[in-house]
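Student: I would like a close look at one part of this protein. Please take me through its open sheet, then show me what surrounds it.

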Amino acid sequence: MNRRTFLASVGAAGLAGVAGCTALQFGPKNYDVGMRAVAFDPSEYTVSVGDEVVWTNTSSRAHTVTAYENSIPEGADYFASGGYDGEAAAREAWREDMGGALTSGQSYRHTFDVPGRYDYVCIPHEQGGMIGTIVVEK
Ligand SMILES: [Cu+2]
């Protein structure tokens, strides 16, 4: 059981007594990877095959979750917020109209069915080093 499932089952009532906890800023932690101004948090996250990863924009800026097409395992599904089927399409959509943007509080989720290492980026903050990794274990 992962931490997200546990916290979801605790619910809002269980967290009411945790005054001052940073989790309250965005409610119960129901995501795996958050987003700060120019960073994924955590930048590396490990799951098991078949797990779903939920990213939530915990900042005030718009971000994307965009897989590096050449840095995902062979045979793995490409993933990108906005649902683009390739990195070129995702980058073009961002350039044209901020396609794939996750605004504050929005989430993106993807289920990982192939083990291996997946590197991804936030397109608008790539220069700032906003790069993340998902490691999927068998
Ligand atoms: Cu970003």
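**The open sheet and its surroundings**

Tutor: Start with one pair of residues: Ser48 has Glu137 of S8 as its bridge partner. This is a predicted model. The strands involved are S3 and S8, which run parallel to each other and are joined by five bridges. S3 spans residues 44-48, and S8 covers 131-137.

Now widen the view. The open sheet has four strands, ordered S3-S8-S7-S5, and its pairing is mixed. S3 and S5 (66-67) are the edge strands; each has a single partner strand, so one side of each has no neighbour in the sheet. In general, strands of a sheet pair through backbone hydrogen bonds, in either the parallel or the antiparallel sense.

Go back to S3 and look just before its start. Pro42 sits in the loop between S2 (39-41) and S3. The peptide bond leading into Pro42 from Asp41 is cis, with omega near 5°. Most peptide bonds are trans.

Next, the core. The largest nonpolar core holds 25 residues; Trp55, Val65, Ala67, Ala80 and Tyr118 touch the most other members. S7 (116-121) and S8 each supply at least two residues of this core, as do S1 (33-36), S4 and helix H2 (87-97). Take Ala80 as an example. Beyond its neighbours within four places in sequence, Ala80 contacts Val65, Thr66, Ala67, Ala90 and Gly100.

S4 deserves a stop of its own. This strand spans residues 52-56 and includes Val54. Val54 is partly exposed, because 14 other C-beta atoms lie within 10 Å, and a residue needs 20 or more to be buried. Val54 and His110 are 56 residues apart in sequence, yet their C-alpha atoms are 6.8 Å apart.

One more backbone detail lies after H2. Met98 is in the loop between H2 and S6 (107-111). Its phi is near 55°, a positive value in a residue that is not glycine. Most residues other than glycine have a negative phi. Met98 counts as partly exposed because it has 14 C-beta neighbours inside 10 Å.

Finally, the whole protein. It has two helices and eight strands. From the N terminus, the elements run α-β-β-β-β-β-α-β-β-β. Of its 138 residues, 28% count as buried. Among contacts between residues at least 6 apart in sequence, 54% join residues at least 24 apart.

Terms used:
Residues are numbered from 1 along each chain as its sequence is written. This is a predicted model: local features need pLDDT of at least 70, side-chain atom pairs count only at pLDDT 80 or more; totals for chains, interfaces and linings use all residues. A residue is buried if 20 or more other C-beta atoms lie within 10 Å of its own, exposed if 12 or fewer, and partly exposed in between; C-beta atoms are placed from the backbone. A nonpolar core is a set of buried Ala, Val, Leu, Ile, Met, Phe, Trp, Tyr and Cys residues joined through C-beta atoms within 7 Å. Two residues are in contact if their C-beta atoms, placed from the backbone, lie within 7 Å. Two strands pair if DSSP finds at least two bridges between them.
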